[in-house]
Number of protein chains: 2
Amino acid sequence: MDTVEIIRAKRDGHRLTDDQITWFIDNYARGGVIADEQAAALAMAIFFRGMQSDELATWTRAMVDSGSRLDLSGVGRPTVDKHSTGGVGDKVSLILVPLVAACGAAVPQLSGRGLGHTGGTLDKMEAIPGWRASLGVDEMVDQMRQVGGVIAGATGDISPADRRLYALRDVTATVDSIPLIASSIMSKKIAEGTDSLVLDVKVGSGAFLPEVDRARELARTMVGLGESNGVRTVALLTAMHTVLGRTAGNALEVVEALEVLEGGGPADLVEVTLALADEMAALAGLDADPAAVLASGRPREVFGEMVAAQGGDLSADLPVAPHVEVVTVDEAGWLGRLDCLSVGIAAWRLGAGRARKEDAVSPSAGVVCLAKPGDAVQAGQPVLELHAEEPALFDAAREALRDAIDVVDEAPVPQPLIVDRIEA
Amino acid sequence: MDTVEIIRAKRDGHRLTDDQITWFIDNYARGGVIADEQAAALAMAIFFRGMQSDELATWTRAMVDSGSRLDLSGVGRPTVDKHSTGGVGDKVSLILVPLVAACGAAVPQLSGRGLGHTGGTLDKMEAIPGWRASLGVDEMVDQMRQVGGVIAGATGDISPADRRLYALRDVTATVDSIPLIASSIMSKKIAEGTDSLVLDVKVGSGAFLPEVDRARELARTMVGLGESNGVRTVALLTAMHTVLGRTAGNALEVVEALEVLEGGGPADLVEVTLALADEMAALAGLDADPAAVLASGRPREVFGEMVAAQGGDLSADLPVAPHVEVVTVDEAGWLGRLDCLSVGIAAWRLGAGRARKEDAVSPSAGVVCLAKPGDAVQAGQPVLELHAEEPALFDAAREALRDAIDVVDEAPVPQPLIVDRIEA
């Protein structure tokens with residue numbers, strides 16, 4: 001096999017052969033034969049040329065096969081997971097995992113940390129004193145059998161090809177390529193061993209792919225990859241024009257997730273969570289109504305068991321930021337726009353997110369939305385709370401929010417939260 | 001400056017700013033800040049997006065400025081050089097450099113070694129016993145003042161950015177991009193310090209860019225880069241459908257060049273050489289007729305002085321291959337096609353060329369064309385001689401030549417050797 005020939009074939013728009021793909025991914029994951037500059041050139045060629053669907057299926061399977069695929073047959077329940085493409089204030093997993101577990105499935109959620117303006121589920125959970133993200137495979141299977149839900153960091157042997165490729169794409173401007181995104185996500189989810197999967201593909205300014213057409217293409221691609229690898233997969237396109245719920249920040253989001261688990265919480269967050277739970281319950285073949293199960297209070301108990309099983313203490317106080325400032329609006333009217341990306345960047349600047357993988361995050365920092373689009377506002381009314389550990393961070397957050405808020409004369413027409421549904 | 005932003009800008013089709021270009025090239029040449037995988041991603045993005053002409057001029061100037069530009073003002077004659085994009089049997093420089101020197105110019109030809117099916121001028125010269133390619137800048141200037149012509153290897157400080165980029169492009173399938181080819185060639189020729197330059201852009205199966213449209217685009221791009229950097233530049237597009245002259249191989253080509261310098265040699269080789277010499281004499285402002293100067297025998301003396309100045313001994317026997325086989329044609333008729341690329345690959349397989357930079361070449365191996373397209377042939381007539389140091393190499397050469405020769409029923413119409421001329 002000749003690496004340069006493989007790059008040239010893709011550069012010139014040809015479908016890579018199965019042998020070329022398998023050889024490339026296997027050798028890149030191992031290290032040695034294929035140099036990073038060669039993988040970067042191939043990634044950029046894929047950015048421009050794309051991949052055919054069967055070609056991408058082979059590519060994804062080779063990524064899965066670069067590591068091990070977890071065997072969850074010992075769990076004794078149907079397994080179903082959810083993956084979100086990432087948004088601002090997206091604390092859905094913290095509610096959904098115990099909810100679907102309480103419905104009777106096992107949820108093996110291997111998750112990641114946040115980068116840039118989108119938060120990561122592990123960062124949120126780590127705001128809970130004592131909670132640890134790292135579990136061995138046996139611990140995971142035990143916890144799923146006994147509690148039903150697990151949120152944990154990916155183990156070392158899940159798609160090592162993706163770990164290397166992702167680090168490379170991050171520094172070579174080859175992240176936003178649909179085949180590369182889809183194979184990265186799906187290789188990890190397939191390797192995780194789940195029977196079925198619901199994808200929450202975000203659309204709007206806070207989303208990774210803001211345009212609905214691109215998001216739909218990503219959703220279709222991922223659903224195809226799941227199905228062709230034996231994972232029943234459905235995708236919902238959901239709105240990310242503004243923060244989901246009212247909070248963006250680690251401990252702030254844990255508090256909000258607990259509110260939903262205790263029967264309250266913002267309506268948009270509840271709606272998206274239940275829509276995803278309905279899909280997961282259906283894929284897992286469960287005879288359960290997630291809304292009724294949520295109302296029963298059982299998911300709150302499961303969440304407590306999940307946290308306790310990983311050393312966390314929900315009775316301890318969650319971290320609270322020592323400094324809070326508010327952002328007000330100048331005019332009266334209706335809040336027309338509260339830009340999702342800007343709020344995400346503000347929360348990041350306040351300390352809730354990180355610029356590089358190795359950075360630490362603040363558990364207490366973030367943004368609270370006191371008003372949401374569609375709410376009537378008075379002149380001078382506070383609409384955002386900024387939470388930070390250091391007052392010096394407020395300036396950068398205010399700068400990020402400079403053009404983020406529009407007050408309008410008429411009540412805006414509410415937009416649907418669930419934008420589309422994609423199945424095989 | 002952010003490397004990822006630069007890559008993303010080019011990926012998305014934007015013109016890079018002058019600051020971005022200068023920063024990138026300068027830092028890549030130095031090493032440290034920019035990783036090879038980032039340069040590879042940028043090169044592939046340039047492959048797809050191209051560069052605007054002023055953008056490419058800045059890029060090329062930054063490559064020149066990554067090293068030093070030779071000062072040839074001490075030479076005391078107008079300087080003019082020639083660059084060929086490379087072909088099979090292209091021994092033109094060995095005749096042209098002493099010819100144009102004998103016309104009154106100084107020719108500072110910094111040249112390279114061959115790779116793949118195209119030979120390199122230094123490899124040919126190194127077939128002469130004792131000749132050394134490596135000269136210091138002072139030696140070069142002295143030799144140009146006294147003898148007029150120099151053929152030598154590029155010095156270490158000529159466009160170090162190109163040296164790094166070229167090695168990278170070679171392993172990442174980003175060689176055949178017109179802006180990258182043009183800037184690579186022109187950065188070296190500009191840095192070499194010549195006042196003017198004639199480009200021999202080859203067209204046809206043995207050429208780097210076989211199609212005439214792409215060759216013309218490359219020629220126009222290079223002429224523009226020369227002129228915008230103060231080097232008067234003209235390009236000829238010349239035919240490379242079959243071997244130029246009758247030989248492809250290092251010592252074999254030296255012998256043929258000497259034949260031309262001594263008033264003989266194949267007509268196609270003489271025609272191309274004189275066409276280039278006419279352009280060079282005109283650019284240098286010389287009042288000389290290259291054909292008459294060639295007939296005078298003076299260029300043969302200059303070649304002897306050039307060789308002797310670099311330690312070479314033309315009175316010594318040139319290496320001769322110990323094993324010779326012939327390739328015959330089966331039918332009578334006219335030789336319609338003798339494919340240039342195939343002959344180039346055959347010569348390479350016989351040992352005249354190299355697959356990797358660090359390989360050695362055989363001085364004596366190669367191919368001699370006993371007949372050329374347009375010649376009448378008899379059934380069973382030998383049309384090629386294969387020369388090798390080891391008989392084991394003949395099989396691979398015959399395999400390369402399998403579909404290279406067509407015998408036709410009617411004399412083929414001769415095609416022009418000089419296909420086009422491009423000036424600013």
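This is a short tour of a predicted model, with stops to select in your viewer.

**Stop 1: the two chains**

Show chain A and chain B in separate colours. Two copies of a chain are related by a rotation about an axis and a shift along it. Here, a rotation of 179 degrees with 0.0 Å of shift along its axis lays chain B on chain A. The RMSD of that superposition is 0.0 Å. Why does this matter? That is the relation of a two-fold axis. Both copies also use the same surface, as 100% of the contact residues of chain B recur in chain A.

Which residue of chain B comes closest to the rotation axis? Select Glu37(B), whose C-alpha is at 1.8 Å from the axis.

**Stop 2: where chain B meets chain A**

Now select the contact residues. There are 22 from chain B and 22 from chain A. The size of an interface is often given as the accessible area lost when the parts come together. Between chain B and chain A, that area is about 1,800 Å². Carbon and sulfur atoms give 71% of it.

Next, pick out Arg11(B), Glu37(B) and Phe48(B). In chain B, these three lose the most area to chain A. Together they make up 36% of what that side buries.

How many salt bridges link chain B and chain A? The count is 2. To see one of them, show the side chains of Asp176(B) and Arg11(A). Their closest N and O atoms are 2.8 Å apart. Between the chains there are also 6 residue pairs in polar contact, with both residues at pLDDT 80 or more.

Colour three helices of chain B: H1 (3-11), H3 (36-49) and H8 (160-171). Each supplies at least two residues of the side that touches chain A. H3(B) has the largest share, with 10 residues. By type, the residues on this side of chain B are 11 nonpolar, 3 polar and 8 charged.

**Stop 3: the domains of chain A**

Hide chain B and stay with chain A. Colour domain 1 (3-50), domain 2 (80-315) and domain 3 (323-408). Look at the first pair in that list. The C-alpha centres of domain 1 and domain 2 of chain A lie 30 Å apart.

**Stop 4: where domain 1 meets domain 2**

Zoom in on the contact within chain A. Here 13 residues of domain 1 are in contact with 12 residues of domain 2. The two domains bury about 1,100 Å² between them, 75% of it on carbon and sulfur atoms. Select Tyr28(A), Ala43(A) and Phe47(A). They supply 41% of the area that domain 1 buries against domain 2, more than any other three residues.

Now look for charges. The count between domain 1 and domain 2 of chain A is 1 salt bridge. Show Asp36(A) and Arg164(A), which form a salt bridge with closest N and O atoms 2.8 Å apart. The two domains also have 2 residue pairs in polar contact, both residues of each at pLDDT 80 or more.

Which helices of domain 1 of chain A each supply at least two residues of the side that touches domain 2? They are H2 (18-30) and H3 (36-49). H3(A) gives the most, with 7 residues. The residues on this side of domain 1 divide into 10 nonpolar, 2 polar and 1 charged.

**Last stop: H3 in both chains**

Bring chain B back and select H3 in each chain. H3(B) contributes 10 residues to the side of chain B that touches chain A. H3(A) contributes 7 residues to the side of domain 1 of chain A that touches domain 2 of chain A.

Note on methods: Residues are numbered from 1 along each chain as its sequence is written. Chains are lettered from A and ligands numbered from 1 in the order in which they are written. This is a predicted model: local features need pLDDT of at least 70, side-chain atom pairs count only at pLDDT 80 or more; totals for chains, interfaces and linings use all residues. Side-chain values use heavy atoms; hydrogens and water are left out. Copies are superposed by least squares on the C-alpha atoms of residues with pLDDT of at least 70 in both. Contact means heavy atoms within 4.5 Å. Domain bounds come from an automatic or database domain assignment. Buried area is the accessible area (1.4 Å probe) that two parts lose on being put together, summed over both. A salt bridge is a side-chain nitrogen of Lys or Arg within 4 Å of a carboxyl oxygen of Asp or Glu. A polar contact is a pair of N or O atoms within 3.5 Å; within protein, one must be able to donate a hydrogen and the other to accept it, and residues adjacent in sequence count only if both atoms are side-chain atoms. Helices (H or I, at least four residues) and strands (E, at least two) are DSSP runs, numbered from the N terminus. Ala, Val, Leu, Ile, Met, Phe, Trp, Tyr, Cys and Pro count as nonpolar, Asp, Glu, Lys and Arg as charged, and the others, Gly among them, as polar.
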